[in-house]
Amino acid sequence: MPQERTYDLVLFGATGFTGSLTAEYLARHAPPGLRWALAGRNPNKLATVRTRLTAIDSTLAELPLLTADATAPASLRAVAERARVVASTVGPYIHHGEPLVAACAAAGTDYLDITGEPEFVDLMYVRHHETAVRTGARLVHTCGFDSIPYDLGVWFTLKHLPADAPISVDGFVRAGGRFSDGTYHSALTAFSRTDETSRAAAARRAVEPRPEGRRVRTVSGRISRSPELGMWAVPLPTIDPQVVRRSAAARPEYGPDFRYRHFAAVRRLPTLLAGAAGIAAVTGLVKLPPARRWLFGRLSPGQGPSPERRARSWFQLRFLAESGGQQVRTEVAGGDPGYDETAKMLAESALCLALDDLPPTTGQVTPVTAMGDALLDRLQRAGITFRVR
Ligand SMILES: NC(=O)c1ccc[n+]([C@@H]2O[C@H](COP(=O)([O-])OP(=O)(O)OC[C@H]3O[C@@H](n4cnc5c(N)ncnc54)[C@H](OP(=O)(O)O)[C@@H]3O)[C@@H](O)[C@H]2O)c1
């Protein structure tokens, strides 16, 4: 990693809802001496964010502000070439993300984001992984609630099981909270692009090597009543199981034969059916241009849940795992998943890449592959619970 760069860390998208929370987290928790900067397309909005940060730490009055626009690749190259690590909250990533990934891959600069969009992650692997391997850049997507608690939660669970026998892990998520308009925008975008998402996954499968001499699978479960949880378990086809599978493919700690299943845990069946019907209806509607215009027209980028609402939000993941006849149950839990905890996870991941002694990796890598125990340690110290139940 180049040491002669001007900045250790640049936060791109600092003016957005999640970006501002990430900037505030860094203002409170970045170690003295960290050379960091805010980047975004609007200098006036960046200056307003910086003014808010000086209320947290008055020494940030001179925090550098870099103007860069996702539609101007040269401006992104200038950021990537001056930084060791760039963290981006500029989404939907399928529309705005690629030029920065390309710039970081070419410049040998570490890149992180909080995307939950499988199409984007797969396309970035196909188009930029090889360049990043050559330059030494680490491209780490999904550093928010998608998918750090699942990825690190399984990693933590494995520490309590023998690794020389087949390992099976079931993950169950429950959460309470509201989404920002930026998240709705990215989710609607993903729902409108199911065909493109399948094509990107196929393009990746065609070029990505499989682990040699080991079996690694994600399996789609069935809707069933879980006696262990006392709740309904519903298969959840998000990006999270894909990230867990890629970590398992990359690291020998997942053993000779690893299987993961991913579920939402729901107390009442009607809630489950209403949720599934709602998602199916939106997925159908968003493909029709007039309905799509209406749905997107209702969103106000930059808006999200209030501090009071976030303070009442929470998440809890449970993992039931088995290996060699031994069972373990673990839990990962924390506060507002979408924003406060996502900002924490992104900021701690960025600090981890910038400052910690990590295993050597390059190219597109998962959070566990890039940061593993160092990030687990950081998040535990930052108040996210990882425990055996
Ligand atoms: N994985 C997770 O758990 C998780 C959690 C939260 C959010 N997210 C994702 O994070 C992303 C941001 O969400 P949010 O709620 O923070 O959205 P937001 O408030 O709308 O913020 C979007 C940011 O992108 C910037 N931006 C838009 N177009 C740009 C361009 N052409 N060049 C440079 N910057 C540009 C905006 O700048 P301006 O201020 O100048 O408009 C703003 O800073 C979304 O994709 C969302 O899905 C993921």
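Here are some short exercises on the structure above, each with a worked solution.

This is a predicted model, where local features need pLDDT of at least 70, side-chain atom pairs count only at pLDDT 80 or more, and totals for chains, interfaces and linings use all residues. Residues are numbered from 1 along each chain as its sequence is written, and side-chain values use heavy atoms, leaving out hydrogens and water.

**Exercise 1: domains**

Find which domains the protein chain is assigned and how many residues each brings to the contact.

*Solution.*
- Step 1: look up the bounds, which come from an automatic or database domain assignment. Domain 1 is 7-144 + 340-388, and domain 2 is 148-334.
- Step 2: check the spacing. The C-alpha centres of domain 1 and domain 2 are 22 Å apart.
- Step 3: count the contact residues, where contact means heavy atoms within 4.5 Å. Domain 1 gives 39 residues and domain 2 gives 44.

**Exercise 2: two helix pairs**

Work out how α1 crosses α2, and how α6 crosses α9.

*Solution.*
- Step 1: get the terms straight. Helices are DSSP runs (H or I, at least four residues), numbered from the N terminus. Axes are lines fitted to C-alpha atoms over the stretch in contact, with angles from 0 to 180 degrees between N-to-C directions. A crossing is left-handed if the near helix is turned anticlockwise from the far one by less than a right angle, and right-handed if clockwise.
- Step 2: take α1 (residues 17-29) and α2 (residues 43-56). Their axes come within 9 Å and cross at roughly 35°, and the crossing is right-handed. Among the residues that meet are Ala23 and Ala27 in α1, and Leu53 and Ile56 in α2. This contact has 5 nonpolar, 1 polar and 3 charged residues.
- Step 3: now α6 (residues 118-135) and α9 (residues 194-207). Here the axes come within 8 Å, again at roughly 35°, but this crossing is left-handed. The residues in contact include Leu123 and Tyr125 from α6, and Ala200 and Arg204 from α9.

**Exercise 3: cysteines**

How many disulfides does a search of the whole structure find?

*Solution.*
- Step 1: recall the cut-off, a pair of cysteine sulfur atoms within 2.5 Å. The search turns up 0 disulfides.
- Step 2: try Cys143. Its nearest cysteine sulfur belongs to Cys352, 9.5 Å away.
- Step 3: is Cys143 buried or exposed? Buried means under 20% relative accessible area, exposed over 50%, and partly exposed in between (1.4 Å probe, protein chains only). Cys143 counts as buried because its relative accessibility is 0%. Cys352 is buried too, with a relative accessible area of 0%.

Methods
Ala, Val, Leu, Ile, Met, Phe, Trp, Tyr, Cys and Pro count as nonpolar, Asp, Glu, Lys and Arg as charged, and the others, Gly among them, as polar.
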